[in-house]
Amino acid sequence: MVNIYELFNEGGTIQPAHVQRDMLQKISGALHLGMKEMTATAETGRIQSTALERHSQRMMAEHSERARGQLADLSNLIERLAAVSAPDHLTEEWAQYLRDATERAVLATDILRKRADMFLAHEAAGCPPVLIYDYELVMDGADQPMPSNYILLKIIPPEGQETHDWKRPYIIIDPRAGHGPGIGGFKSDSQVGVALADGHPVYFVAFRREPAEGQYLSYVTRSEAAFVREVMRRHPDAAKPIVTGNCQGGWATLLLAATNPDLTGPIVINGAPVATWSGTVGDNPMRYNAGVLGGTWVPMFLSDLGGGIFDGAHLVQNFEMLNPSRTLFRKYTDLFRDADTAEPAFMEFERWWGGFFLLNEPEIRWIVEQLFVGNRLVKNEARIEPGRPVDLKAIRAPIIVFASHGDNITPPQQALNWIAQTYADEQEIRIRGQRIIYMIHEKVGHLGIFVSSKIAKREHTEVASTLKTIEALAPGLYEMTIDDIVEQDGKTHFVVGFNERRVADIRSLGDTLQDERPFAAVARASEVQAQLYDAIVRPVVKSVVTQSAAEASRALHPQRLSRAIMASRNPWMRMLPAAAEHVIENRAKADAQNPFLAAEALWVQGVEQAIDLWRDTRDMMTENAFFAMWATPWGRSFGATHETRRTLKNADELRSLPEVTQALYNISRGGFAEAVIRMLILLAENRKGVRRDRLERASRVLTQDAPFVALGAERRAMIIQEQTLIATFAPEQAIETLPDLLSKDEDRQKALEVVRYIPGAIEEMSPQTLHLLERFHQVLGEPVFTSDITEDPLAEKPAELANS
């Protein structure tokens, strides 16, 4: 630091040396900043060129293949028409097709009339859950100290099915993202059906259409916590409930588990967007909406137009625009094509899809501001209410995450990247005693995760089976794979494995974090826009919006109006039922080989492809517009304050955590239980995974045999965590100290028998497993084994072990 005499010369001017130094520093700083911006600009150019390349390649490949298929179909159609020898025959086929198409148009329009009547009746009833199961009301969130519109329902098993109160109950939380509740149980092959079939009591968290007055999202979380406590009270002999969350219900389940870490059992998160900035360049266009269409101020404005209520129909509209050829065109042309048979499936789905629910303005603002635009949940900055932060690392329950590459609403990166941004690496997951299992489907779409019968019969069924044994799994990060199909006893069985994964494996699913930098500028701009709207525009909007105007905005929403206008109450539709009845009585279908049916299908394919081409072009332009607006030098400077992410610990800091220090201090302490669990964990880490049949044997031993059964779930979990830390941070010492835990020769023999029983037959063991088992025998001074252990050595529960 200079003083005044060193700064100025005798003439009172600044010393020339200081001026020169300042100029050099400014020039150097400008050059450094210029180089930095040139690098960032080059990276932006790379991202944009990658996006254009991926979009173009996908569009070229997909649309070229479809165009070739349509040209082949057109060629076949022309050949069929040319093969018609007599013009009269072609005229006859045209007349048959024209009558068939007219009759199908009448039938399809009548189905739309029935849908409209169903829609109005459903709305008048308050949009009750669309579950196919009977249920009874258990608790009402409106009765809580902080009231909400959520309710807890108990599913009544169908006739012939029985549930057992001692079995672990399931609680399913459905998404409140525009639609109503019921998607998790509106088919027999569903999440509800899978749990009931296995004898588990099932509870369903549903919600009414209108939110409670003054309801905040935190009120919902408090209601859900009260529901879980009530389920636990009703099932004192069962383990803690399994909580399953679908889509929005998934991140709501994470909020519940993070703010009530002692409350839930394992949690299952299906297609839930958590790391909302994440995705893949050239794909996942929905994440760019806030940067192109506007941030938090948009739902604030729409809520003000609704009198402080946000209409979920806006969200449904957004979902439909993701794939307009399917939702706005093909859904109706398929109905027209199959008008004779399509009604049951069409009406079943539309009953749920056409039930639009409402949110209070503070609820939708929290969702947009904290989650989708701000990404605060992942950055550990979210607050469920003032002074109450939400830390995902606080979750103690095992977590299963189900995602799909075919999901265009919640891609795998958004479903999984929160793990990589919450934990430094897989070691920290082990240190925290956490078990995270993820499963990625290759094709199924977002709704298919919840409603597909195939997914229910395979993935959800196998997840349900896994949940019985998950707590016997050593802490860590795993990918669940369904490897082989085995036919046994006339039934299909899947071979399920749990393969150890690194956090780097999750990061590799997407691109680098560079493509997420512009989202920070969007988040800050959204905050500024919201503040300006709140201070300047909102008072004006509120002053002119009346209750009648708010109700009219909802009634005239295109999603509601397009349905209601087709109802029987419309005078133009009154003649339709009689016309449809007449068509059914006198139906004359065209022959399946009629060439005009093929021409109709070809036209539908052509229009569908044209809409898809428009959609793909829109998505490409949206992505490049996003980066052009926000990945600029100004955008990077503006968003710098919002780029910060959660601070993650390094390897040395993880090693010095109290949990690790305490575990290593106890490395020579313990008994039979600690020794067996330690050896099982060492075997699992040696294999880098575990088959579910082995996990089931381990679970049976650890939960049903002495001395483990007397430990209780909490103490057993503590031992598994401690021995995992010992096996992770001191694997050699963990083996060498086994004799300290097993002082009696009979205990050593029995422990080794248990450890050999769980991996199964010797011929199925890998060389690494055999070597490690031999090492255990050597350290414990026991002879080398040569035979299989096929029966549980602890099945008799010897009294001497129970007292050891």
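**Figure 1. Lining of the second largest cavity in the predicted model.** The second largest cavity has 16 lining residues. Thr-44, Arg-517, Pro-518, Ala-631 and Arg-636 lie nearest its centre. Four helices each give two or more residues to this lining: H2 (16–83), H18 (517–544), H22 (595–630) and H23 (633–639). The volume of the second largest cavity is about 130 Å³. By class, its lining divides into eight nonpolar, four polar and four charged residues.

**Figure 2. The largest cavity, with helices H26 and H27 in its lining.** The count of cavities of 30 Å³ or more comes to seven. The largest cavity has a volume of about 200 Å³. Its lining holds 18 residues, and those nearest the centre are Ala-472, Leu-680, Ile-681, Ala-684 and Ala-698. Helix H26 (672–687) and H27 are the elements that give two or more residues to this lining. H26 gives the most, with six residues. The class split is 16 nonpolar, two charged and no polar residues.

**Figure 3. The second largest pocket and its centre.** About 1,200 Å³ of space lies in the second largest pocket. The lining has 39 residues. Nearest the centre are Arg-168, Ala-239, Glu-471, Ala-713 and Arg-716. Helix H16 (453–467), helix H27 (692–704) and H28 are the elements that give two or more residues to the lining of the second largest pocket. With seven residues, H28 gives the most. The lining of this pocket has 16 nonpolar, nine polar and 14 charged residues.

**Figure 4. Helix H28, residues 712–729.** How far apart are the end C-alpha atoms of H28? They are 26 Å apart. The helix has 18 residues and should span 26 Å at 1.5 Å a residue, so the two values agree. Ten names make up the buried set in the following two groups. Arg-716, Ile-719, Ile-720, Gln-723 and Thr-724 are among the buried residues of H28. Leu-725, Ile-726, Ala-727, Thr-728 and Phe-729 are also buried. Arg-716 is also one of the residues nearest the centre of the second largest pocket.

**Figure 5. Cys-127 and Cys-247, with no bond between them.** How many disulfides does a search of the whole structure find? The search finds zero. A disulfide needs two cysteine sulfur atoms within 2.5 Å. For Cys-127, the closest cysteine sulfur is that of Cys-247, 18 Å away, so the two are too far apart for a bond. For Cys-247, the closest cysteine sulfur is in turn that of Cys-127. Cys-127 counts as buried because its relative accessibility is 2%. Cys-247 has 10% relative accessibility and so counts as buried. The cut-off for buried is under 20% relative accessible area.

**Figure 6. Tyr-216 and Tyr-219, an edge-to-face aromatic pair.** The structure has 24 aromatic pairs. In the pair of Tyr-216 and Tyr-219, the ring centres lie 5.5 Å apart. The planes are at 65 degrees, and the pair is edge-to-face. Edge-to-face requires planes over 60 degrees apart. Tyr-216 counts as partly exposed, at 43% relative accessibility.

**Figure 7. Trp-297 and Phe-301, a tilted pair in helix H8.** The ring centres of Trp-297 and Phe-301 are 6.2 Å apart. Their planes meet at 40 degrees, so the pair is tilted. Both residues lie in helix H8 (residues 297–305), four residues apart, which is about one turn of the helix. An α-helix has 3.6 residues a turn, so residues three or four places apart point the same way. Trp-297 has 30% relative accessibility and counts as partly exposed. Phe-301, at 28%, also counts as partly exposed.

**Figure 8. A cluster of rings linked by aromatic pairs.** Which residues do ring pairs link into a cluster? They are Trp-277, Tyr-288, Phe-519, Phe-626 and Phe-627.

**Figure 9. Ala-601 in helix H22, with Trp-297 for reference.** Ala-601 is placed in helix H22. Is Ala-601 buried or partly exposed? Ala-601 is partly exposed, with a relative accessible area of 36%. Along the chain, Ala-601 and Trp-297 are 304 residues apart. Their C-alpha atoms are separated by 44 Å. H22 is also among the helices that give two or more residues to the lining of the second largest cavity.

Note on methods
Residues numbered from 1 in each chain as written. Predicted model: local features only at pLDDT ≥ 70, side-chain atom pairs only at ≥ 80, totals over all residues. Heavy atoms only, no water. Expected span 1.5 Å × (residues − 1). Buried < 20%, exposed > 50% of the residue type's maximum accessible area, 1.4 Å probe, protein only. 1 Å grid on protein atoms, 1.4 Å probe; cavity = no way out; pocket = protein on both sides within 12 Å on 5 of 7 lines; lining within 4 Å. Points joined across faces, edges and corners; volume = space filled by probe spheres on them. Nonpolar A, V, L, I, M, F, W, Y, C, P; charged D, E, K, R; others polar. Phe/Tyr/Trp six-rings, centres within 6.5 Å; stacked < 30°, edge-to-face > 60°.
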